[in-house]
Amino acid sequence: MTELFSREWMQAFGEQWNAEPELSDALAKIHFNSAIAYGFIDDTDPIGVLTVQEGKAIAAESYNGQTLNWDLRADRANWEKWKAKGLDMMGLGMAYMSRKLQFRVGDYTAMIKDPRMAAPFIKSFTVMSRV
């Protein structure tokens, strides 16, 4: 099994991201461009970065000091749980409020208030289960 957020894992995630219309096509409609990092709460830096242009993942790599628009952190147990079971809006709210999911970079409040971003964000957790 590929290590969570490793370069290889991120590349597979990027392929699945692009294959999911409710994620990539939905974000393309709003011209979404971002560098999204993923990692663990106790680490100084994130592990993997997905670069998205016009909703499509164009790069999936290890973190190497890139400028980030989003930096998502959780402990390994929670990532594994969300990867296996996905996450819905209520679960996302609870994870954020309890600090189980941390946004080191990025505006959670702005994202969650915009259904054009919130629905694809939730879908990204479902896509993780395909990796």
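Tutor: Before we start, a definition: two strands pair if DSSP finds at least two bridges between them. Keep in mind that this is a predicted model.

Student: Okay, then which residue in β2 does Tyr38 stand opposite?

Tutor: Start with the strands: β1 covers residues 34-40, and five bridges join β1 to β2, residues 48-53. The two run antiparallel. Across from Tyr38, the residue in β2 is Gly48.

Student: And what is the bridge partner of Gly39 in β4?

Tutor: That takes us to another pairing, where β1 and β4 (residues 70-74) are joined by five bridges in the parallel sense. Gly39 is in β1, pointing the other way from Ser34, Ile36, Tyr38 and Phe40. Its bridge partner in β4 is Arg73.

Student: Are the residues of β1 buried or exposed?

Tutor: Ala35, Ala37 and Gly39 point one way, and Ser34, Ile36, Tyr38 and Phe40 point the other. Check both sets and you get one verdict for seven of seven residues: buried.

Student: Which helix gives the most to the largest nonpolar core?

Tutor: That core has 35 residues, and Phe5, Tyr38 and Trp79 are among those with the most contacts inside it. Phe5 itself touches Tyr38 and Trp79, as well as Met128, among others. The helix giving the most to this core, with seven residues, is α6 (residues 115-128).

Student: How do the buried residues of α1 sit around its axis, and within what arc?

Tutor: The buried ones are Trp9, Met10, Phe13, Gly14 and Trp17. Looking down the axis, they line one face of the helix, because they fall within an arc of 140°. On the other side, Glu15 and Ala19 are exposed. So the arc you want is 140°.

Methods. Residues are numbered from 1 along each chain as its sequence is written. This is a predicted model: local features need pLDDT of at least 70, side-chain atom pairs count only at pLDDT 80 or more; totals for chains, interfaces and linings use all residues. Side-chain values use heavy atoms; hydrogens and water are left out. Buried means under 20% relative accessible area, exposed over 50%, partly exposed in between (1.4 Å probe, protein chains only). Helices (H or I, at least four residues) and strands (E, at least two) are DSSP runs, numbered from the N terminus. A nonpolar core is a set of buried Ala, Val, Leu, Ile, Met, Phe, Trp, Tyr and Cys residues joined through side-chain atoms within 4.5 Å. Contact means heavy atoms within 4.5 Å. The arc is that of the directions from the helix axis to the C-beta atoms. Lists of a residue's contacts leave out its neighbours within four places in sequence.
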